[in-house]
Amino acid sequence: VKKVLPASLNPIPDVCAAPEGQNPTVIAYDFSGTVEWHTTTPPSPATTGSVSIGPNYQPQFATTGTQTVWAVVRADGCVSEPVSGSYVIKPIPAAPAVTSESICVNKPNVALQATGSTIKWYQNANRTGYIQTSQGYTPAVTSDNTYTFHATQTVDGCESQTAAATYTIKPRPAAPMVAVSPNSICEYETDPNFTATPASGGTINWYETDGTTFLQTGTSLTP
């Protein structure tokens, strides 16, 4: 009576789902004969249904969760009992929620924020140009422009795709045009009226001659 001893399988690591990861290669060792691989429970005896032959096999499972492969050794016209190995294909997490920010030029920079697990910031959407790992990131840019930074989160060893956060540095608007009516008075006459014309969407603020003491908001001022 001939009996074929089964192979041994290497420990199989868990992996992240595609496109971030791929199925691991399963390696059989300590066998004599030819190894046949199955991706569903093989029949007994496992003489049919194999999907690949050889000492190594990389499955092509596409769904997340626990996946199992079986190896059967064939020698001298007989097959061994199957041995199995399992691993987990872990899901890719969703991209983190991010907040965009805007400031005026020459004001202190503020932090962009991302909500998630193990947040990483990148310069580019394809996860190149790594910046730092933190929930918040304060850009170092100073010129008026709109910049885009990208954040990912990592859950159970799997990194998400990026989420884009914009950082806008707004330019300083031009000074308003100011008209005075009348433009000269006697010392005993009523103070003139000052009228300022803002840019579209702008707001006029009036200050004392020291430039810092606020007086009021509005297009006209009578001291």
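The paragraphs below lead through the strand pairings and nonpolar cores of a predicted model.

A convenient place to begin is strand β7, which spans residues 65–75 and pairs with several other strands. With β4 it pairs in the antiparallel sense over 5 bridges, and within this pairing H38 has W70 in β7 as its bridge partner. β7 is also joined to β9 by 7 bridges, again with the two strands running antiparallel, and here T68 finds its bridge partner in S86 of β9. A further antiparallel pairing, of 2 bridges, links β7 to strand β8, which covers residues 78–79; in that pairing C78 of β8 is the bridge partner of A75. The hairpin made by β7 and β8 has 2 residues between its strands, and in this hairpin D76 takes a positive phi near 55°.

The same strand leads on to the interior. In soluble globular proteins, nonpolar side chains tend to be buried together. The largest nonpolar core of this model has 18 residues, and those with the most contacts inside it are L9, V26, A28, V35, W37 and A71. Two or more residues come from each of the elements β3 (26–29), β4 (34–38), β7 (65–75) and β9 (83–90), with β7 giving the most, namely 4 residues. How does one of the core residues, V35, meet its surroundings, and which residues is it in contact with once its neighbours within four places in sequence are left aside? The contacts of V35 are then with A28, S52, I53, G54, A71, V72 and V73. Apart from the largest core lies another core, which has 13 residues and includes V105, L112, A114 and I119.

Further along the chain, attention turns to another sheet. Strands of a sheet pair through backbone hydrogen bonds, either parallel or antiparallel. In the open sheet described here, 5 strands follow the order β11-β19-β16-β13-β14, and their pairing is mixed. The edge strands are β11, at residues 101–104, and β14, at residues 130–133, each of which pairs on one side only. On average, and with direction ignored, neighbouring strands of this sheet are turned by 25° against each other. The pairing at the β14 edge can be followed residue by residue: β13, which comprises residues 120–122, pairs with β14 in the antiparallel sense over 3 bridges, and W121 stands opposite Q132 in β14.

Conventions. Residues numbered from 1 in each chain as written. Predicted model: local features only at pLDDT ≥ 70, side-chain atom pairs only at ≥ 80, totals over all residues. Heavy atoms only, no water. Pairing = 2+ DSSP bridges. Axes fitted to C-alpha atoms, helices over the stretch in contact; angles between N-to-C directions. Core = buried A, V, L, I, M, F, W, Y, C linked by side-chain atoms within 4.5 Å. Buried < 20%, exposed > 50% of the residue type's maximum accessible area, 1.4 Å probe, protein only. Contact = heavy atoms within 4.5 Å.
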